[in-house]
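Here is a short tour of a protein model for anyone who likes to look at pockets first. Open the structure alongside the text and follow the residues as they come up.

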Amino acid sequence: VASLKPGLDNLAFDSRGRLFVTSMTDNGVYLVDKTTGAAKTIVEGKLAIPTDLAVITEGGKETVHVADVFSYRTVDGASGAVADVLRVHGDTHAYPLGISVGPRHVLLSSWFSNTVEKVDRRTNKKVATLADFAAPVDALEGSDGSLYVAEMASGNLVKVGPDGKQRSVIAKDLRLPIAMAQGAGNMIYITEHAAGAVISFDLGSGARKVVADGLAGPEGIDV
């Protein structure tokens, strides 16, 4: 009958027999002509459900990278223009909930699908999907290509080798980790939602320290 962009999730007919289709990816409602297949936009949003973001500046241009649950999008920091990179049920079958920008890859983490996806920063193409994590909520990429994944369900910080195959637990008993941020050198910062704290963790020595506490369920963090 008609072809629209990936991310459709429902449809309905009104009393006049007109066909309306909704898109979870675009937060949209469309009127579809059943004869020609043409679609008219009734309402549409620029973002759907943004849950995490990362901001980078390159060549004087600021770009906001957004985990939008049903897509991975970028926003031009100057103009506000929104661009699709990956769309659920089209380019990916995971639901991006956490995002970070590393030296070579954008990392999309999803506790819903228990995956971490790697997107090449140069080509904007998905190059790997790492599965079987315990509710991964955030991930960081090291300079050597290693990944560090915070698992909400296990309370572990998992190191994944550059080849994506070797995994090891480098920190245990994190108190409901939610987000991470890269600090100076080997230092990273992790929010612990259940403890109401932010800790620092040295990836080299394994030393950890509470740098802020008494918080009410901390989630996002940036340094």
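Sorted by class, the residues around the largest pocket are 17 nonpolar, six polar and five charged. Keep in mind as you look that this is a predicted model. The space in this pocket comes to about 690 Å³. Its lining counts 28 residues, and those closest to the centre are Asp-52, Leu-53, Ile-99, Asp-138 and Met-180. Four strands each give two or more residues to that lining: S5 (52-58), S9 (98-101), S13 (136-141) and S17 (177-182).

The second largest pocket holds about 230 Å³ of space. If you want to centre your view on it, pick Ile-56, Lys-61, Thr-63, His-65 and Thr-74, the nearest to its centre among 14 lining residues. Strand S5 turns up here too, with at least two residues in the lining, as do strand S6 (61-67) and strand S7 (71-76). Which strand supplies the largest share of this lining? That is S7, with four residues. By class, the lining has six nonpolar, four polar and four charged residues.

Here are the two pockets side by side:

| Pocket | Volume | Lining residues | Lining by class |
|---|---|---|---|
| Largest pocket | about 690 Å³ | 28 residues | 17 nonpolar, six polar, five charged residues |
| Second largest pocket | about 230 Å³ | 14 residues | six nonpolar, four polar, four charged residues |

Now for the packing. Twelve residues make up the largest nonpolar core: Val-137, Leu-140, Tyr-148, Ala-150, Leu-157, Ala-171, Leu-174, Met-180, Ile-188, Ile-190, Ile-199 and Phe-201. Strands S13, S14 (147-151), S18 (187-192) and S19 (197-202) each give two or more residues to this core. Met-180 is a handy link for your selections, since it belongs to this core and is also among the residues closest to the centre of the largest pocket. Leaving aside residues up to four places away in sequence, Ala-171 touches Gly-155, Asn-156, Leu-157, Phe-201 and Arg-208. A second, separate core has nine residues, including Leu-130, Phe-133, Val-149 and Val-160.

Finally, step back to the whole chain. The protein has 20 strands and zero helices, and its C-alpha atoms fill a box of roughly 65 × 40 × 35 Å along the principal axes. Of its 223 residues, 43% count as buried. The exposed area is about 11400 Å², with 51% of it supplied by carbon and sulfur atoms. Among contacts with a separation of 6 or more, 31% are between residues 24 or more positions apart.

Conventions. Residues are numbered from 1 along each chain as its sequence is written. This is a predicted model: local features need pLDDT of at least 70, side-chain atom pairs count only at pLDDT 80 or more; totals for chains, interfaces and linings use all residues. Side-chain values use heavy atoms; hydrogens and water are left out. On a 1 Å grid over the protein atoms alone, a cavity is a set of points where a 1.4 Å probe fits but cannot get out, and a pocket is an open set with protein on both sides within 12 Å along at least five of seven lines; lining residues have an atom within 4 Å of a point. Grid points are joined across faces, edges and corners, and a volume is the space filled by probe spheres set on the points. Ala, Val, Leu, Ile, Met, Phe, Trp, Tyr, Cys and Pro count as nonpolar, Asp, Glu, Lys and Arg as charged, and the others, Gly among them, as polar. Buried means under 20% relative accessible area, exposed over 50%, partly exposed in between (1.4 Å probe, protein chains only). Contact means heavy atoms within 4.5 Å. Accessible areas come from the Shrake-Rupley method with a 1.4 Å probe; for residues, only the protein chains shown count as cover. A nonpolar core is a set of buried Ala, Val, Leu, Ile, Met, Phe, Trp, Tyr and Cys residues joined through side-chain atoms within 4.5 Å.
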